[in-house]
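Morning, everyone, and thanks for coming. I'd like to walk you through one model today, so let me put it up on the screen.

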Amino acid sequence: MIAKDKLIVALDVDSASRALDVFDQLREHAGMFKIGMQLFTAAGPDIVRQIIARGSRVFLDLKYHDIPNTVAMAAIEATRLGVSIFNIHASGGREMMRRTAESVAEIAVRENLIRPKVLAVTLLTSVDHETLRQIGIDDEPRSVVSRLALLARDSGLDGVVASAHEIKTIRETVSQPDFLIVTPGIRSVGDAANDQRRTMTAAEAIRAGADYLVVGRPILDASDPVRAARAIVEEIENSLDTS
């Protein structure tokens with residue numbers, strides 16, 4: 001995989017027109033585009049179809065978390081949309097993840113669709129030890145992530161979404177080499193962390209073993225988004241050359 005393909009640009013904007021403007025600027029500089037809750041709520045599934053129709057790949061970042069049947073049915077629709085990756089919360093448990101993986105595999109075969117990769121969200125990058133304590137979990141984030149990653153693997157999922165700070169732990173816990181790690185909270189040197197607490201630079205995350213990096217505000221808020229995207233791809237490329 002070349003460096004560009006490891007970059008997922010987060011289209012965290014409030015309209016389809018704005019998303020398509022950003023997409024048109026950056027389509028040659030990123031391998032995939034993330035559509036999350038803000039844009040999906042504003043523009044609906046049609047924005048997913050439009051970006052796929054224009055020849056790009058989509059990471060549908062809706063973090064499904066509900067009873068097993070509801071999540072499995074949503075997963076079938078995500079598969080029909082043609083997304084390359086989508087995610088569900090690992091904290092939904094084994095049955096929810098297993099039912100989702102099975103439903104995706106079954107509908108892909110039955111309707112001759114490309115099967116998307118299904119990832120489990122371990123802990124959001126805004127969550128730290130204090131946040132966990134607030135909800136009654138007295139473990140360190142690293143321990144929680146390790147446990148949830150193993151549960152996701154055992155439930156038949158393709159990988160996880162996790163902070164770069166937990167990549168090494170995940171690789172040690174899940175020895176499966178094709179187990180994907182998608183890492184948000186990526187910043188270039190000097191960027192503000194904003195509301196994400198467990199962040200890392202692109203170079204650090206790739207060296208740690210991330211497969212894909214999700215980058216939003218450092219690109220979208222840059223005075224020159226193309227230049228910002230190119231700089232991150234260059235960081236990735238240099239890290240691959242030295243790894």
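**Starting from strand β4**

Let me begin in the middle, with strand β4, residues 85–89: this strand is mostly covered, and five of its five residues are buried. Before I go further, please keep in mind that this is a predicted model.

Which way do the side chains of β4 point? I85, N87 and H89 go one way, F86 and I88 go the other way, and all of them are buried.

Now the neighbours of this strand. On one side we have strand β3, residues 58–64, which runs parallel to β4 and is joined to it by three bridges. If you want a spot to look at, find F59, which stands opposite I85 in β4. Strand β5, residues 117–121, also runs parallel to β4, with five bridges joining the two. There, H89 has V121 of β5 as its bridge partner.

One more step out from β3 takes us to strand β2, residues 32–36, joined to β3 by four bridges and again parallel. In that pairing I35 sits opposite L60 of β3. And how much of β3 is covered? Six of its seven residues are buried, so to speak of β3 as mostly covered is fair by the under-20% cut-off.

Let's zoom out. What do these strands build together? They belong to a closed barrel of eight strands, in the order β1-β2-β3-β4-β5-β6-β7-β10, with parallel pairing. From one strand to the next, the twist averages 25°.

**Two residues of β4, and two cores**

Back to β4, and to F86. The largest nonpolar core has 69 residues, and F86 is one of three, with L7 and L60, that touch the most other members. Leaving out neighbours within four places in sequence, the contacts of F86 include F59, L60 and Y64, then A75, A78 and T79, then T100 and V104, and also P116, K117, V118 and L119. Apart from that core lies another one, of 12 residues, with M32, I85, V182 and V214 among them.

That brings us to I85. Why do I call I85 buried? Because its relative accessible area is 1%, and the cut-off for buried is under 20%. Beyond four places in sequence, I85 is in contact with M32, V58, F59, L60, P116, K117, L119 and Y212. I85 and K34 are 51 residues apart in sequence, yet their C-alpha atoms are 9.1 Å apart in space.

Y212, on that contact list of I85, is found in strand β10. Y212 is buried too, with a relative accessible area of 6%. Again setting aside residues up to four places away, Y212 touches M1, D5, K6 and I8, as well as M32, R57 and I85, and finally L180, I181, V182 and T183. For a contrast in space, Y212 and L81 are 131 residues apart in sequence and 21 Å apart, C-alpha to C-alpha.

**The helices**

Now for some helices. Helix α11, residues 225–242, lies across β1 and β10, and runs at about 150° to β1.

Next, helix α4, residues 68–81, and helix α5, residues 94–110: their axes come within 8 Å and cross at roughly 35°. Is that crossing left-handed or right-handed? The crossing of α4 and α5 is right-handed. From α4, the residues P68, N69, V71, A72, A75, I76, T79 and R80 take part, and they meet E95, M96, R99, T100, S103, V104 and I107 of α5. By type, the residues of this contact divide into eight nonpolar, four polar and three charged. You may recognise A75, T79, T100 and V104 from the contacts of F86.

Last stop: F23, which has its place in helix α1, residues 16–26. F23 is buried, with a relative accessible area of 0%. Not counting residues up to four places away, F23 touches L11, F33, I51, R54 and S56. F23 and V9 are 14 residues apart in sequence and 8.7 Å apart in space, C-alpha to C-alpha.

That's the tour. I'm happy to turn the model around for anyone who would like another view.

How values were computed:
Residues are numbered from 1 along each chain as its sequence is written. This is a predicted model: local features need pLDDT of at least 70, side-chain atom pairs count only at pLDDT 80 or more; totals for chains, interfaces and linings use all residues. Side-chain values use heavy atoms; hydrogens and water are left out. Axes are lines fitted to C-alpha atoms, for helices over the stretch in contact, and angles run from 0 to 180 degrees between N-to-C directions. A crossing is left-handed if the near helix is turned anticlockwise from the far one by less than a right angle, and right-handed if clockwise. Contact means heavy atoms within 4.5 Å. Ala, Val, Leu, Ile, Met, Phe, Trp, Tyr, Cys and Pro count as nonpolar, Asp, Glu, Lys and Arg as charged, and the others, Gly among them, as polar. A nonpolar core is a set of buried Ala, Val, Leu, Ile, Met, Phe, Trp, Tyr and Cys residues joined through side-chain atoms within 4.5 Å. Buried means under 20% relative accessible area, exposed over 50%, partly exposed in between (1.4 Å probe, protein chains only). Two strands pair if DSSP finds at least two bridges between them.
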